[in-house]
Amino acid sequence: MTRVVAQGTFDILHPGHVHYLRDAKAMGDELHVIVARSVNVTHKEPPVMPDDQRREMVAALKPVDEAHLGHPEDIFVPIERIDPAIIALGYDQHHDEERLQAALADRGLDCEIRRASPLDRDDSDRLLSTGRIIDRVLEERS
Ligand SMILES: Cc1cc2nc3c(=O)[nH]c(=O)nc-3n(C[C@H](O)[C@H](O)[C@H](O)COP(=O)(O)O)c2cc1C
Ligand SMILES: Nc1ncnc2c1ncn2[C@@H]1O[C@H](COP(=O)(O)OP(=O)(O)OP(=O)(O)O)[C@@H](O)[C@H]1O
């Protein structure tokens, strides 16, 4: 049984999220998703949807076995609890793989880090980014 962890904000779901989670699930047998707490989303605009609502929507997706709300202060607490064999990073996530691997090793955690593939964001017929969905709403409804 190979357990895989995926993680992200998942504010306003779109097919890019589904693609990432399918890709992550295909890396093993059981997919756990850590949904970032709003307080930790500091690298972009904070999510519109509340923490619990984002977790509930991710948990309802077919590739997902369990969705967990992230820890507010220490991102390694859920990893220790879930104990995955693989952490699947999203294709565009800012995390540095070597630094993350070193931090995991410092905590005595042994897991492989892999990158998921992208679903083309330049496909003009589809909205494959939460930021772009919000921009479209602002353009069309304001
Ligand atoms: C291994 C790992 C574990 C994470 N655990 C948590 C966590 O426990 N709590 C949390 O709020 N965010 C957690 N995150 C999410 C990050 O804090 C960050 O917000 C997230 O990568 C944002 O991704 P996005 O820009 O793709 O939405 C984790 C990220 C990684 C790589
Ligand atoms: N088009 C896509 N193809 C593949 N993976 C995607 C795509 N869009 C998002 N993801 C992945 O889904 C996870 C969560 O993404 P996130 O919640 O940041 O959504 P986003 O649409 O990228 O947001 P934003 O547009 O605000 O940057 C990340 O790992 C990200 O790489």
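## Starting point

Leaving out residues up to four places away in sequence, Phe10 touches His17, Val35, Arg54, Met57 and Val58. Touching, or being in contact, means that the C-beta atoms of two residues, placed from the backbone, lie within 7 Å. Keep in mind that this is a predicted model: local features need pLDDT of at least 70, side-chain atom pairs count only at pLDDT 80 or more, and totals for chains, interfaces and linings use all residues. Residues are numbered from 1 along each chain as its sequence is written, while chains are lettered from A and ligands numbered from 1 in the order in which they are written.

Phe10 sits in the loop between β1 (3–8) and α1. Helices (H or I, at least four residues) and strands (E, at least two) are DSSP runs, numbered from the N terminus. Phe10 counts as buried because 24 other C-beta atoms lie within 10 Å. The cut-offs, again with C-beta atoms placed from the backbone, are 20 or more others within 10 Å for buried, 12 or fewer for exposed, and partly exposed in between.

## What the record marks

The UniProt annotation "binding site", from an unreviewed entry, covers Thr9, Phe10, His14, Pro15, Gly16, His17 and Asp92. UniProt positions follow the numbering used here, feature names are shortened, and annotations may be inferred rather than shown by experiment.

Pro15 is another residue on that list, and it belongs to helix α1. Pro15 is partly exposed, since it has 13 C-beta neighbours inside 10 Å. Setting aside neighbours within four places in sequence, Pro15 is in contact with Leu119, Arg126 and Leu128.

## Around the two ligands

Ligand 1 has 17 residues around it, the closest being Thr9, Ala36, Asn40, Gly70 and Ile75. Here a residue is near a molecule if its C-beta atom, placed from the backbone, lies within 6 Å of it. β1 and α3 (76–82) are the elements that give two or more residues to this shell. Sorted by class, the ligand 1 shell holds seven nonpolar, nine polar and one charged residues. Ala, Val, Leu, Ile, Met, Phe, Trp, Tyr, Cys and Pro are the nonpolar ones, Asp, Glu, Lys and Arg are charged, and the others, Gly among them, are polar.

Ligand 2 is surrounded by 20 residues, with Gly8, Gly16, Gly90, Ser129 and Gly131 the closest. Two or more residues of this shell come from each of α1 (15–26) and α5 (130–141), and α1 gives the largest share, four residues. The split for ligand 2 is six nonpolar, 10 polar and four charged.

## Two helices

α1 has 12 residues and reaches 16 Å from its first C-alpha to its last, close to the 16 Å expected at 1.5 Å a residue. That expected span is 1.5 Å times one less than the number of residues. Gly16, His17, Tyr20, Leu21, Asp23, Ala24 and Lys25 are the buried residues of α1, and what covers them includes β1, β2 and β4.

α5 also fits its expected span, because its 12 residues should cover 16 Å and its end C-alpha atoms are 16 Å apart. Of the 12 residues of α5, one is buried, so this helix lies largely in the open.

## The nonpolar core

The largest nonpolar core has 19 residues, and Val5, Ala6, Ala24, Val33, Val35 and Ala88 touch the most other members. β1, α1, β2 (30–35) and β4 (86–89) each supply at least two of its residues, and β2 gives the most, with four. A nonpolar core is a set of buried Ala, Val, Leu, Ile, Met, Phe, Trp, Tyr and Cys residues joined through C-beta atoms within 7 Å. In soluble globular proteins, nonpolar side chains tend to be buried together.

Val35 links back to the opening residue: leaving out residues up to four places away, its contacts are Phe10, Asp51, Arg54, Arg55, Val58, Ala67, His68, Leu69 and Gly70.

## Loop spots worth a look

Ile12 has a phi near 65°, a positive value in a residue other than glycine. It lies in the loop between β1 and α1 and is partly exposed, with 18 other C-beta atoms within 10 Å. Asp83 has a positive phi too, near 55°. This residue is in the loop between α3 and β4, and it is exposed because 12 other C-beta atoms lie within 10 Å.

Ala60 belongs to the loop between α2 (51–59) and β3 (66–69), and with 10 other C-beta atoms within 10 Å it is exposed. Ala60 and Phe10 are 50 residues apart in sequence and 13 Å apart in space, C-alpha to C-alpha.
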